[in-house]
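Me: I would like a close look at a single part of this protein. Please put that part in the context of the whole chain.

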Amino acid sequence: MIVCHCTNITDHDIRTAIDWMRTADAHTIITPGKVYHALGKSADCGGCMPLFLDTMRSNDNLEVPMQLRALRTRATQEKADEGRPQGNRIPQQISAA
């Protein structure tokens, strides 16, 4: 089935590109942009993106490798802690004299 009419990409093309990328690098994060790049094409109008993403999600090789799954949790926690004082120190207020 044709998924992207602008660039003539089929569901088979998407599955093949994902399988190829996973075989080439088991730790890679696969994105729609990387799939387009692997196929030597680029997105045009974006109208196919919902079907493109559904096709990608249906591929078992799309899953994020186990070693990388915890990275998002750590990054989210680091961002939540950003700007907070270290330890129990309370920032001193500057008084106007």
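What percentage of the residues in the protein do buried residues make up? And for helix α3, which residues are buried, which are exposed on the other side, and what do the buried ones pack against?

Reply: The model is a predicted one. Of the 97 residues in the protein, 23% are buried.

The whole chain comes before the helix. The protein contains four helices and two strands, and their order from the N terminus is β-β-α-α-α-α. If contacts between residues at least 6 apart in sequence are taken, 55% of them join residues at least 24 apart. The accessible surface amounts to about 7500 Å², and carbon and sulfur atoms account for 54% of that surface.

Helix α3 spans residues 49–57, and its buried residues are Phe52, Thr55 and Met56. Viewed down the axis of α3, these buried residues fall within an arc of 100°, so they line one face of the helix. Pro50 and Arg57, on the other side of α3, are exposed. The partners of the buried residues come from both strands and helices: they pack against β1 (2–4) and β2 (9–10), and also against α1 (11–24) and α2 (32–38).

Two of the buried residues of α3 reappear in the largest nonpolar core. This core has 14 residues, and Phe52 and Met56 are among those that touch the most other members, together with Ile14, Ile18, Ile30 and Val35. At least two residues of the core are supplied by each of β1, α1, α2 and α3. The element that gives the most is α1, with four residues. In soluble globular proteins, nonpolar side chains tend to be buried together.

Val35 shows how the core meets α3. Leaving aside residues up to four places away in sequence, Val35 touches Phe52 and Met56. Under the same condition, Val35 also touches Ile14, Ala17, Ile18, Met21 and Ile30. Val35 lies within α2 (32–38), one of the elements against which the buried residues of α3 pack.

One backbone detail lies outside α3. Asn8 sits in the loop between β1 and β2. Its phi is near 60°, which is a positive value in a residue other than glycine. Asn8 is partly exposed, with a relative accessible area of 46%.

To return to α3: Phe52, Thr55 and Met56 are its buried residues, and Pro50 and Arg57 are exposed on the other side.

Conventions. Residues are numbered from 1 along each chain as its sequence is written. This is a predicted model: local features need pLDDT of at least 70, side-chain atom pairs count only at pLDDT 80 or more; totals for chains, interfaces and linings use all residues. Side-chain values use heavy atoms; hydrogens and water are left out. Buried means under 20% relative accessible area, exposed over 50%, partly exposed in between (1.4 Å probe, protein chains only). The arc is that of the directions from the helix axis to the C-beta atoms. Contact means heavy atoms within 4.5 Å. Accessible areas come from the Shrake-Rupley method with a 1.4 Å probe; for residues, only the protein chains shown count as cover. A nonpolar core is a set of buried Ala, Val, Leu, Ile, Met, Phe, Trp, Tyr and Cys residues joined through side-chain atoms within 4.5 Å.
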